[in-house]
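Me: Please give me a close look at the strands of chain B, and in particular at how neighbouring strands pair. I am new to this structure, so set that part in its surroundings as well, including the other chain.

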Amino acid sequence: MAQSRRDFIKKAGLGIGALTILPREVFGKMGDSSSKFVAPSDQMTRGIIGVGGIGMSNLHFVSDERCRLVAVCDVDQKHLDNALQKGEEKFGTKLQSYHDWRDLVHDPNVDIIHIATPSHWHGLMAVEAAKTGKDIFCEKPMTRTIGEGQKVVEAVNKYGRIFRLDTWFRFKDTFYGLGTTVEPLKKLVDSGLLGWPLTVRISGATGFAWKFYWTGKENLEPQPVPKELDYDLWLGPAPVKPYHPHRVHQSFRGYWDYESGGLGDMGQHYIDPVQYFLGKDNDLPVKVEVDAPQQHPDAVGIWRSITYTYADGCKIILEGEGFESSGKVPYIEGPNGKVYKGFECTIPNVMDVINELPDPEPRQVDFLDCVKNRQKFALNEENGHHSCTVVNLGSCALRLGRTLHFDPDKQMFINDDAANLLINQPMRGPWSI
Amino acid sequence: MKKIYSILILLALAVSVYAQDARQRTVQTIVADVLAAMPAQNSADFTSQMGDLAAAAPQSVVEVAKLMKPAGQGVKNAIYEYALQGLVSYVNDPAHTAKKADVLKGLQDAAAACSDTYNKGLLTSLQRMLGDYVAPEAEELMPVKEAKALLKSGATHEKCLAAWSLMNAEPSKALKTVSSALKSDDKIFRNSVLGNATGILGAPALVPVLSGKFKKLSPEAKVDVLNWFGNNKISSVANIVNSSVSEGGDVAKAAISAAGKIGGSAAAQALIGQLGGDLGQDALTALKSFKGDIKDDVAAALAGKLSDGSDKNAIKDLISLASARKMKNIAPMVYSMIGSQDKELSRLAENALSNFTGVNDIAKVGGLLDAAKGAGEISAYQEALKAAVHTLAPAERYEKVSALASAAKNVVNFYPVIASTGTDEAVSDLENAYDSGSSAALDCLTGIDNYKAAPILLRAAKANPANITKVLPRFLSLVSGHETDLEKKRGYIGEVLSLANTDDLKNDALKTLANVPTMKAFLLAGKYIDDKGTAYAAANAVKNIASKTKDEIDYNILKTNLDKAVSVFKAAGGADDGYAVDEINQMLSKAEPFVVSQLTAEEKKQGFEMLFDGTDLDKWQGDLEGYIPMNGTIYVSANYGSTGNLYTKKEYRNFVYRFEFCFLREGVNNGVGVRTPMGVDAAYDAMCEVQILDHDAPMYANLREYQVHGSVYGVIPAKRIKHKPLGQWSTEEIRVEGDRIKVTVNGEVIVDGNIRTACKGHNVAPDGSGTNPYTVDHKNHPGMFNKKGYISFCGHGEGLKIRNVRILDLGDKK
């Protein structure tokens, strides 16, 4: 089996092996000038799979002294050409490029696999990356099905990997229109001042948008596949459907085969911090209810609301298209108090109370440190799988158009074959997870 | 005979070919009825439609599937797909499983009969959805022998896998694997085994091994074990953890973090002991999140350190910790530090004071603030006083602070605190001070959360350009937070944009504008999209406004601006920029271009000229803000008066003028100025104004006859017509030759007269007075005999649309 680059270096007993390593001056400019010199053997390397959208963003298409981008992969030759050109402009070097992601995953020069593809690939790629001894940086949503998420958790554990899911509101930044970071919310919820159970409303009225432009189109006319695109490898484990440009690239989210529309796109961003401050990182809802028009088997449609209920009575309510909450809508509502946008709270001088409370327990928020110290990142395969499961429970209920009951321990729907069939969906051969 | 025959046929049909439901519908009818209702918009409809379809299964399934065609141009399979998927979901619902087998059979039959690959694929996948759930098989563990070999020779991740397999195969031996892993120099492997053993055995089972072996471990392994202790909150190893705190280096770092997570009074003591030292920051982080009450420990430590006074770093860390957790019990020590000779200590205490003050400290802090000198000191006491009063209601807060201020020697020191009360009185106090020349008061007005401050800020910006960047950002945020009238909001933001002298400020204004969902705001934002410095904010604004506004926006303007926004977002290339592009593309795909008006063949032959075909107002001048091309029409929002008019660029003598108009709301008022100079009231200073008026609106019940639609205002009343309903278009023609004027609406002549004879030649009162007995409105019309002039639209507010404006210029000929 292949060994990882750093294994190799370690075994060679020297910091410098037979590998070509860029003089640090070239990329040193990208790093923080005050940072210490990083020996080439300590500098980590990263490869991105999927350089059409998020993978090309200034946030991710970067190199610095601690971690260097060395390889890119895409099934669209145009994307790949763009990435190579951008790599030359930005880093003054030619990135290794791959058409087939398996070749990138097996590249011994890559330590960290950055998965930036549509989400029907995430689970498969993450498992394969773990099997080849890579650490993983995966874009949200974590996986398209609950079953794939379970496989990722298992593989990461088995192979001793570090996994980071890329959304961040559980540990930094004010999230969307809510106007506060998660920290004071966590302290307030932990204080018990609001009472229990709590209801959280993720709604236009509380500062969130469900991006219903990620809906799919019906009655698509088959179109010729552009010559730069390997459509078969783009589809991978997904069923074959006639090509149409709306199915791929920027608009893929509108099709159940690949994701679940705005819910899939934004759901984990919005729900993950809620799981955190409700203290439900190891818990899941027992019931999910939907109010939506009938869904098409292929094209994702809109929905009016999705309501999750936990065993202790806590609820998360997603308010979607045409859902008009009247008056002022609380983000968090408990028997003894409410919190609105901008951390406006019905409890007088609530900040005074919160300020006297201890901060939430510190977490590891530097992914590269985690890779080095082998500590779990703040948002990892476990809590990431849980918040992604909340998202996926919603899409299962939407697709089936009815209320579903779930067993959080077994991670199975209760006496419901149809719903359970959505947990582990078959992959198109030869792909399997 | 005939009757019996038809009954026989019906019977034969019912029995042999078609099943019927309770309502005597055939399967085809049921299918047609259900398909017509696809997709169901709510669950009640869904249940009723699918109930019908299920009752007729398996035939209904076959019938629906038969209707599907291979995907292609114009093929619309969606309703069949909805029906089939819906049916499967319906019979999958535990409440309606009775017909599951029939639906499955229908799908099987349909799939067998289907020759199109993709449709067949759908039918097959639907069958699968009706199957039983079978749990995936668990992967087999690696044979022990193989795992043991791999554990010796594999790469790191393979060793991890091998250990995982072994521990799962023989959990009773897992602790041995842990022990040996702890001796490994491979950090990845150690942590992997620790984590997986915890998953298999549970954390408590590992504690004896980990604590027993701890002393002998390498420092690197100690770090891992300490991390593990902390993450699993093992309180029974507090001794090991707390004693490791003082070991220094990475081990101590890990111990500090673990001690913070595990807690307990010994841990608190150990951590407090680290404050001021090399790992003081780590200890501080741990203590800030330390569960439990550590107030007294901190106070005791601080008292100890203060009695000596030499360990400044420790004092600093302790104050910082007490500040973070608002430990009011140390307030007396903080006050005593303020009085200290040691400048460093007193500065430290000043800056921290705001964390410890309450209502009982108001007078004391007020005194300190009045006496304070130097910016740092003053601002520290201002914060402290704000904190001391902040739990009071605003009125009481203002009362306390203004009492202190009026008795103070340095009243300026109190301005920011007055501002922080946010009351109307505070605004007026500060306004007075600003008007008497205090620039400090103006600074404070920018800090006040009260909309009454906004006009003062705008005034200050206009009075002195040096104030612009200081006050307008705040003005914007006040407008954004408080102004509810969207048109006013846009107006204020427009003022900021025209005053702004930096891109930062313009961009701020554009960000605020992005939340004003009106067509006019869209146009305003679009003006800033070509300028590099403001392009991004303008692009965001046009995108947001276009997605939220309920106003109509001209397709060409919408497309031009959104296309520009797409280029801006693409060039920026951030993650959300990709989303922005998608959102815009979605909007553009829904927008539709309008039809451009054209002259008829006959009009062409006669020599008509198009003045407005829907695309632009290039042949027009005047109020180009109040008259905007919009999807093939002129959208009018101009105000009444000499400025709210739209004029032709050319002047005319005799002409035939044609246009179409439409009222968008009741009571719309406008008019056509004939032979008018610019900037006057056409009703009097032009040859005439031909009324455009929704005279059917109840508000015009008492209208005079010379005011109805089409009237030559005040001179020749028109025949009263009944207008078409709101939103429908009417045609109008105004023919002007010499003194003659003829008005035709929807083909009906409603005015045909001579202005000179109408007033018997007296357009103004012969006696030179303001009352003219010869005109119907008894007013003077000095412009009536103008020989030439512009043609205009004379606006009286919103709600009129005009299109297809064309003219036949008859020149001098009569």
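Reply: What follows goes from chain B as a whole to its strands, and then to chain A and the contact between the chains.

Residues are numbered from 1 along each chain as its sequence is written, while chains are lettered from A and ligands numbered from 1 in the order in which they are written. This is a predicted model, in which local features need pLDDT of at least 70, side-chain atom pairs count only at pLDDT 80 or more, and totals for chains, interfaces and linings use all residues.

The model scores ipTM 0.90 and pTM 0.78. For chain B the mean pLDDT (the predictor's confidence in each residue, from 0 to 100) is 91, and 96% of the residues reach 70 or more. Residues 1–20 of chain B have pLDDT below 50, and beyond near neighbours in sequence this stretch has nine contacts in the model. Two residues are in contact if their C-beta atoms, placed from the backbone, lie within 7 Å. Where pLDDT is low, the predicted coordinates should not be read in detail.

Chain B has 38 helices and 13 strands. Helices (H or I, at least four residues) and strands (E, at least two) are DSSP runs, numbered from the N terminus. The radius of gyration of chain B, taken over C-alpha atoms, is 42 Å, well over the 28 Å that the globule rule gives for 814 residues, so the chain is more spread out than a compact globule. That rule is 2.2 Å times the number of residues to the power 0.38. The C-alpha trace of chain B spans about 120 × 110 × 45 Å along its principal axes. Of the 814 residues of chain B, 44% are buried, that is, they have 20 or more other C-beta atoms within 10 Å of their own C-beta, with C-beta atoms placed from the backbone; 12 or fewer makes a residue exposed, and anything in between partly exposed.

Now the strands. Strands of a sheet pair through backbone hydrogen bonds, either parallel or antiparallel. Here two strands pair if DSSP finds at least two bridges between them. In chain B, five strands form an open antiparallel sheet in the order β2-β5-β12-β7-β8. At its edges stand β2 (620–622) and β8 (688–693) of chain B, each with a single partner strand, so one side of each is left without a neighbour in the sheet. From one strand to the next the twist averages 25°, with angles taken from 0 to 180 degrees between the N-to-C directions of axes, which are lines fitted to C-alpha atoms, for helices over the stretch in contact. Strand β7 (residues 669–676) of chain B runs antiparallel to β8(B), joined by six bridges; in one of these pairings B:Asn669 has B:Leu693 as its bridge partner.

Strand β10 (residues 740–745) of chain B has partners in β9(B) and β11(B). With β9 (residues 730–737) it pairs in the antiparallel sense over six bridges, and B:Ile734 has B:Val743 in β10(B) as its bridge partner. The hairpin of β9(B) and β10(B) has two residues between the strands, and B:Gly738 takes a positive phi near 60° there. β10(B) also pairs with β11 (residues 748–754) of chain B in the antiparallel sense over six bridges, where the bridge partner of B:Ile741 is B:Gly753. This second hairpin likewise has two residues between the strands, and in it B:Asn746 takes a positive phi near 45°. Side chains alternate along β10(B): B:Ile741, B:Val743 and B:Val745 point to one face and are buried, whereas B:Arg740, B:Lys742 and B:Thr744 point to the other and are not.

Chain A contains a parallel pairing. Its strand β1 (residues 44–49) has six of its six residues buried. Strand β2 (residues 67–73) of chain A pairs with β1(A) in the parallel sense over six bridges, and four bridges join β1(A) to β4 (residues 112–115) of chain A, again parallel.

Finally, 52 residues of chain A are in contact with 62 residues of chain B. On the chain A side, α13(A) gives the largest share, four residues. The residues on that side divide into 18 nonpolar, 20 polar and 14 charged, where Ala, Val, Leu, Ile, Met, Phe, Trp, Tyr, Cys and Pro count as nonpolar, Asp, Glu, Lys and Arg as charged, and the others, Gly among them, as polar.
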